[in-house]
Amino acid sequence: KVTTVDIGDDEIERVVKDTEGFSGRSISKLAIAWQAAAYGTEGAVLDQDAFFKTVELHKKSMIQKDDWLEHAQARAQMLTTDR
């Protein structure tokens, strides 16, 4: 069981705004990341700092993935375009 510390309605509202536009799958992955962050501590505690840090890391990961995809698509286009 995960225990949360100092995470209430205001913190959840902040995350709701920060994750606006996320797909259901992405939100699911974020919830799993919160669980992993908690289980990585003694006593399975998710505090406010880890809560927000996990969101930021998740957002950075999504941006990186999008950048990779954009680069791969540009490269594929370059390799398949007749010259």
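The legends below describe close-up views of a predicted model.

**View 1. Helix α3 along its length.** Helix α3 spans residues 48–80, and its 33 residues reach 48 Å from the first C-alpha to the last, which is close to the 48 Å expected at 1.5 Å a residue. The buried residues of this helix are F51, F52, T54, V55 and H58, and what covers them includes α1, α2 and β2, the last of these formed by residues 45–47. An α-helix has 3.6 residues a turn, so residues three or four places apart point the same way.

**View 2. The packing of α1 against α3.** Helix α1, which comprises residues 9–18, packs with α3 at an angle of about 5°, the two axes lying 11 Å apart. Because angles under 35 degrees count as roughly parallel, α1 and α3 are described as roughly parallel to each other. On the α1 side the contact is made by E11, I12, R14, V15 and D18, while α3 contributes Q48, F51, F52, V55, E56 and K59. The residues of this contact divide into five nonpolar, one polar and five charged.

**View 3. The largest nonpolar core.** Nine residues make up the largest nonpolar core of the model, namely I7, V15, L30, W34, A38, L46, F51, F52 and V55. Both α2, which runs over residues 24–39, and α3 supply at least two residues each to this core. In soluble globular proteins, nonpolar side chains tend to be buried together.

**View 4. The surroundings of F51.** When residues up to four places away in sequence are not counted, F51 touches I7, E11, I12, V15, W34 and L46. F51 is a member of the largest nonpolar core, as are its contact partners I7, V15, W34 and L46. F51 also takes part in the contact of α3 with α1, where E11, I12 and V15 are among the residues of α1.

**View 5. The surroundings of H58.** H58 lies in helix α3 and has a relative accessibility of 13%, so that this residue counts as buried, the cut-off being under 20%. Leaving aside neighbours within four places in sequence, H58 is in contact with F22, S26, K29 and L30; of these partners, L30 is listed in the largest nonpolar core.

**View 6. D82 in the segment after α3.** D82 lies in the segment that follows α3, and with a relative accessible area of 75% this residue is exposed. The C-alpha atoms of D82 and K60 are separated by 35 Å, these two residues being 22 residues apart along the chain.

Notes:
Residues numbered from 1 in each chain as written. Predicted model: local features only at pLDDT ≥ 70, side-chain atom pairs only at ≥ 80, totals over all residues. Heavy atoms only, no water. Helix = DSSP H or I, 4+ residues; strand = E, 2+ residues; numbered from the N terminus. Buried < 20%, exposed > 50% of the residue type's maximum accessible area, 1.4 Å probe, protein only. Contact = heavy atoms within 4.5 Å. Core = buried A, V, L, I, M, F, W, Y, C linked by side-chain atoms within 4.5 Å. Axes fitted to C-alpha atoms, helices over the stretch in contact; angles between N-to-C directions. Parallel < 35°, antiparallel > 145°, perpendicular 65-115°, else oblique. Nonpolar A, V, L, I, M, F, W, Y, C, P; charged D, E, K, R; others polar. Expected span 1.5 Å × (residues − 1).
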